[in-house]
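The following note sets out, point by point, what can be read from the model under review. Please consider each point alongside the coordinates.

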Amino acid sequence: AIEGVNLDDFFNRTAPTGVVSLPTATTLYGYSFYNNTAITSISAPNLTRLGQKDFMNCTNLESVYLPELQYAGDTGTANESIVNTTLCDTFAYCHGLGTVHLPKLKKAGQNMFYYVNNGKSTYNTITVLPKLEYVGNKMFRRTKAKAVDLGADCARINSDGFYDDTIDVLILRSTTLVVAATRDAVRYINS
């Protein structure tokens, strides 16, 4: 098992392969597994922060288990502006992604699930984000999913949060949700 990951440790590489376990890591600093096409699963039970593009282009990544993850983005900070201004791209182009377990994710930058499963014949499973406070800009852009469940803590869907997606069911549990005035964010509220 890998105990900690520094910036670019596995950037553009094919090692490690298969299941990656990070039992003690609490932070990834960006680009950690970028372009690693050999990993199929990530388990990091103590990880609370992700940097930018940590798993981007991991095209064979199927399963993500990050039960303590709270922040994903450029620096992984708790700063509220992360939702509006920073890149995230954490799982962008992870075409094989099926199971995503992020029960404590609060804030994430834009494009977090950009092009997930695009071009695949099967959609990913239900993505449940019960603690997410904001849907960042283009967070689910061109994403295919059976369902996305946003918990009661979700206060805002930012500009084009669901732009050009194929999500069969979007569950909105918040009673005070503010939606940015774009056609792709608003279409769910009106239907």
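1. Aromatic cluster. In this predicted model, a single aromatic cluster is formed by Phe33, Phe55, Phe91, Phe113, Phe140 and Phe162. Nine aromatic pairs are found in the structure. One of these pairs is Tyr93 with Tyr115: the ring centres lie 5.6 Å apart and the planes meet at 25°, so the arrangement is stacked. Tyr93 belongs to the loop between helix 1 and strand 6, and Tyr115 to the loop between strand 7 and strand 8, so the pair ties together parts 22 residues apart in sequence.

2. Surroundings of the tyrosines. Tyr115 also pairs with Tyr114, here edge-to-face, with 4.9 Å from centre to centre and 80° between the planes. Both Tyr114 and Tyr115 are buried; for Tyr115 the relative accessibility is 17%. Tyr93, by contrast, is partly exposed, because its relative accessible area is 26%, and the buried class ends at 20%.

3. Nonpolar cores. The largest nonpolar core has 41 residues, and Phe91 and Leu102 are the members that touch the most others. Strand 2, strand 10 and strand 12 (166-172) are the elements that give two or more residues to this core. Which strand gives the most to it? Strand 10 does, with three residues. Another core, of five residues, lies apart from the largest one and includes Met56, Ala92, Tyr114 and Tyr115.

4. Contacts of Leu102. When neighbours within four places in sequence are left aside, Leu102 is in contact with Val64, Leu66, Leu69, Phe91, Met112, Phe113, Val128, Leu129 and Pro130. Two of the names in that set, Phe91 and Phe113, recur from the aromatic cluster.

5. Pairing of strands 1, 2 and 4. Strand 1 (residues 18-21) runs parallel to strand 2 (residues 39-43), and four bridges join them. Within this pairing, Ile39 in strand 2 stands opposite Gly18. Strand 2 also pairs with strand 4 in the parallel sense, over three bridges. Ser43 has Tyr65 of strand 4 as its bridge partner.

6. The sheet of strands 9, 11 and 13. Three strands in the order 9-11-13 make up an open sheet with parallel pairing. Its edge strands, each paired on one side only, are strand 9 (134-135) and strand 13 (178-179). Two bridges join strand 11 (residues 156-157) to strand 13 in the parallel sense. Val178 in strand 13 is the bridge partner of Arg156.

7. A salt bridge between buried residues. The count of salt bridges comes to six. In one of them, Lys53 and Asp89 bring their closest N and O atoms to 3.9 Å. Lys53 sits in the loop between strand 3 (49-50) and strand 4 (63-65), while Asp89 sits in the loop between helix 1 (82-85) and strand 6 (99-101); the two residues, 36 apart, thus link distant parts of the chain. Are these residues buried or exposed? Lys53 is buried, because its relative accessibility is 16%, and Asp89 is likewise buried, at 6%.

8. Two further salt bridges. Lys107 and Glu133 meet through their side chains at 2.7 Å, N to O. This pair too links distant parts of the chain, with Lys107 in strand 7 (residues 107-108) and Glu133 in the loop between strand 8 (127-129) and strand 9, 26 residues apart. Lys107 is buried at 9% relative accessible area, whereas Glu133 is partly exposed at 24%. Asp153 and Lys131 form another salt bridge, with the closest N and O atoms 3.9 Å apart. Asp153 lies in the loop between strand 10 (144-150) and strand 11 and Lys131 in the loop between strand 8 and strand 9, so this bridge ties together parts 22 residues apart in sequence. Both ends count as partly exposed, Asp153 at 37% and Lys131 at 41%.

9. Gly151. This glycine is found in the loop between strand 10 and strand 11. Gly151 counts as buried because its relative accessibility is 5%. Beyond its neighbours within four places in sequence, Gly151 is in contact with Leu129, Pro130, Arg173 and Ser174. Its C-alpha atom lies 7.8 Å from that of Val128, a residue 23 places away in sequence.

Terms used
Residues are numbered from 1 along each chain as its sequence is written. This is a predicted model: local features need pLDDT of at least 70, side-chain atom pairs count only at pLDDT 80 or more; totals for chains, interfaces and linings use all residues. Side-chain values use heavy atoms; hydrogens and water are left out. Two strands pair if DSSP finds at least two bridges between them. A salt bridge is a side-chain nitrogen of Lys or Arg within 4 Å of a carboxyl oxygen of Asp or Glu. Buried means under 20% relative accessible area, exposed over 50%, partly exposed in between (1.4 Å probe, protein chains only). A nonpolar core is a set of buried Ala, Val, Leu, Ile, Met, Phe, Trp, Tyr and Cys residues joined through side-chain atoms within 4.5 Å. Contact means heavy atoms within 4.5 Å. Rings of Phe, Tyr and Trp (its six-membered ring) pair if their centres lie within 6.5 Å; planes under 30 degrees apart count as stacked, over 60 as edge-to-face and the rest as tilted.
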